[in-house]
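Please open the model in your viewer, switch on a cartoon view with side chains available as sticks, and keep the sequence panel visible. The tour proceeds by selections, each followed by a description of what is to be found there.

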Amino acid sequence: MTDARPGLPGLVSNDPGTEEGFDWKGPDVILDEQPTTAVYRNTRNGVVIRQEMTSIDDEDQYVYFATDDDVRTLIKALKREIGDA
């Protein structure tokens, strides 16, 4: 099997050809494990970001935003953080 990403800049495979030697902290890993995430409105019409419980959590994690303006403020801050402000 050949590497399907040979033309991508900055990606150099560290695969030594064996499962035991794979480096999960190496340059081939492009995303760390992410909890499953949902966004929805609660019964008070607030916006909720909820992440599914993982092996290190005792319960799902929640972030609440009471108003649409609060959500807009969050979006502005996120855009600022990724350089898209």
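The model is a predicted one, and the tour begins by selecting Asp 60, which touches Arg 50, Gln 51, Glu 52 and Met 53 when residues up to four places away in sequence are not counted. Asp 60 itself sits in the loop between E2 and E3. Show its side chain and that of Arg 50 as sticks, and you will find a polar contact between the two side chains at 2.6 Å. Then add the backbone of Met 53, whose nitrogen lies 2.8 Å from a polar atom of the Asp 60 side chain.

From this loop, move on to the strands on either side of it. Select residues 47-51, which make up strand E2, and then E3; the two strands run antiparallel and are joined by five bridges. To see one of these pairings, pick Gln 51, whose bridge partner in E3 is Gln 61.

Next, bring in E1, which pairs with E2 in the antiparallel sense, again over five bridges. Here a convenient place to look is Arg 41, for which the bridge partner in E2 is Val 47. E1 and E2 form a hairpin with five residues between them, and in the turn Asn 45 has a positive phi of about 70°.

With these strands all displayed, step back to view the sheet as a whole. It is an open sheet of three strands in the order E1-E2-E3, with antiparallel pairing. Strand E1 (37-41) and strand E3 (61-65) are the edge strands, each of them pairing on one side only. If you look along the sheet, the twist from one strand to the next averages 20°.

Now select residues 68-81, which form helix H1; this helix lies across E1, E2 and E3, and its direction is at about 115° to that of E3.

What links the helix to the sheet through charged side chains? Display Arg 41 and Asp 68, whose side chains meet in a salt bridge with an N to O distance of 2.8 Å. Because Arg 41 belongs to strand E1 and Asp 68 to helix H1, this pair ties together parts that are 27 residues apart in sequence. Colouring by accessibility shows Arg 41 as partly exposed, with a relative accessible area of 42%, and Asp 68 also counts as partly exposed, at 35% relative accessibility.

Staying on the helix, select Asp 69 and Arg 72, which form a salt bridge in which the closest N and O atoms are 3.0 Å apart. Both residues lie in helix H1, three residues apart, which is about one turn of the helix. Asp 69, at 52% relative accessibility, counts as exposed.

For the last selection, go to Arg 80 and Glu 81, where the side chains meet in a salt bridge at 3.6 Å, N to O. Is this pair of residues buried or exposed? Arg 80 is exposed, with a relative accessible area of 53%, and Glu 81 likewise counts as exposed, at 59% relative accessibility. A search of the whole structure finds four salt bridges, and those visited on this tour include the pair of Arg 41 and Asp 68, the pair of Arg 72 and Asp 69, and the pair of Arg 80 and Glu 81.

Methods. Residues are numbered from 1 along each chain as its sequence is written. This is a predicted model: local features need pLDDT of at least 70, side-chain atom pairs count only at pLDDT 80 or more; totals for chains, interfaces and linings use all residues. Side-chain values use heavy atoms; hydrogens and water are left out. Two strands pair if DSSP finds at least two bridges between them. Helices (H or I, at least four residues) and strands (E, at least two) are DSSP runs, numbered from the N terminus. Axes are lines fitted to C-alpha atoms, for helices over the stretch in contact, and angles run from 0 to 180 degrees between N-to-C directions. Contact means heavy atoms within 4.5 Å. Buried means under 20% relative accessible area, exposed over 50%, partly exposed in between (1.4 Å probe, protein chains only). A polar contact is a pair of N or O atoms within 3.5 Å; within protein, one must be able to donate a hydrogen and the other to accept it, and residues adjacent in sequence count only if both atoms are side-chain atoms.
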